[in-house]
Amino acid sequence: MTRQQAWELLRRYNAEPFHLRHALTVEGVMRCFAEQRGYDSEFWGIVGLLHDIDFEQWPEQHCVKAPELLREGGADESIIHAVCSHGWAICVDIKPEHEMEKLLYAADELTGLIGAAALMRPSKSVQDMELKSLKKKYKDKKFAAGCSREVIERGAELCGLTLEELWQQTLDAMRSCEDSINRQMEEI
């Protein structure tokens, strides 16, 4: 599956700018993580792009409906397993096995929290966000309450990272792809 095919498949089931931006953000973060670790950034990016393929239309069947949609779109089983594993202990029992799956699990919720924190900033950007500001938002359980701190913490543990290491790596990855995402969103 090419990136273009993955994008077209995602767009078949997703139209809301919020969901599209989140998919592009997770794609960018996963590409960055892959490059840092010496893996195939195209594959990791496609998994990141497609990870919530079913969420907009079937939120109550998240990670359950995804295999059907992905198979119909021509995705192979490694993409399907990776996409579904990010719902482990939330909506499915498919545990993340590979490093990429563990990082997707860890970063998915965290990108949402960081994105919400960025929107509160005058710049509306992660470029000038400091780790201490993120820590403060993270500790406020009312802030971005829909972003599960438990999942983020479980994800960091799965990855063998401290929470602070995961925060910093994800923030850095989001900085690296923010301009590209903004350009892509302007084209939608």
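Where does the largest share of the lining of the largest pocket come from? It comes from α6, with nine residues.

The model is predicted: local features need pLDDT of at least 70, side-chain atom pairs count only at pLDDT 80 or more, and totals for chains, interfaces and linings use all residues. Residues are numbered from 1 along each chain as its sequence is written, and side-chain values use heavy atoms, leaving out hydrogens and water.

**View 1. The largest pocket has a volume of about 770 Å³.** A pocket is an open set of points on a 1 Å grid over the protein atoms alone, where a 1.4 Å probe fits, with protein on both sides within 12 Å along at least five of seven lines. Its volume is the space filled by probe spheres set on the points, which are joined across faces, edges and corners. The lining (residues with an atom within 4 Å of a point) holds 31 residues. F18, H22, D108, T111 and G112 lie nearest the centre of the pocket. At least two lining residues come from each of α2, α6 and α9 (163-186). Helices here are DSSP runs of H or I, at least four residues, numbered from the N terminus. By type, the lining divides into 13 nonpolar, twelve polar and six charged residues. Ala, Val, Leu, Ile, Met, Phe, Trp, Tyr, Cys and Pro count as nonpolar, Asp, Glu, Lys and Arg as charged, and the others, Gly among them, as polar.

**View 2. One cavity of 30 Å³ or more is present in the structure.** A cavity is a set of grid points where the probe fits but cannot get out. The largest cavity encloses about 40 Å³ of space. L10, N14, H19, H22, A23, H51 and D52 form its lining. Helix α2 (residues 17-37) gives the most, with three residues. Two of the lining residues are nonpolar, four are polar and one is charged. H22 appears in this lining, and H22 is also among the residues nearest the centre of the largest pocket.

**View 3. Helix α5 (residues 77-85) meets helix α6 (residues 99-119).** Their axes come within 8 Å and cross at roughly 35°. Axes are lines fitted to C-alpha atoms over the stretch in contact, and angles run from 0 to 180 degrees between N-to-C directions. The crossing of α5 and α6 is right-handed. A crossing is right-handed if the near helix is turned clockwise from the far one by less than a right angle, and left-handed if anticlockwise. From α5 come H81, A82 and S85; from α6 come M100, E101, L104 and Y105. The residues of this contact (heavy atoms within 4.5 Å) divide into four nonpolar, two polar and one charged.

**View 4. The crossing of α6 with helix α8 (residues 149-159) is left-handed.** The two axes come within 8 Å and cross at roughly 145°. On the α6 side, the contact uses K102, L103, Y105, A106, E109, L110 and L113. On the α8 side, R149, V151, I152, R154, G155, A156, L158 and C159 take part. Ten of the contact residues are nonpolar, one is polar and four are charged. Y105 serves in this contact and also in that of α5 with α6.

**View 5. M185 and D179 both lie in helix α9.** M185 is buried, with a relative accessible area of 13%. D179 is partly exposed at 49%. Buried means under 20%, exposed over 50%, and partly exposed in between (1.4 Å probe, protein chains only). Leaving aside neighbours within four places in sequence, M185 contacts P17, L20, R21 and L24. The C-alpha atoms of D179 and C159 are separated by 27 Å, with the two residues 20 apart along the chain.

**View 6. Q127 and K124 sit in the loop between α6 and α7 (131-139).** Q127 is partly exposed, at 39% relative accessible area, whereas K124 is exposed, at 52%. Q127 touches R175 and E178, not counting residues up to four places away in sequence. K124 has a positive phi of about 60° although it is not a glycine. Most residues other than glycine have a negative phi. A89 also has a positive phi of about 60° without being a glycine. A89 lies in the loop between α5 and α6.
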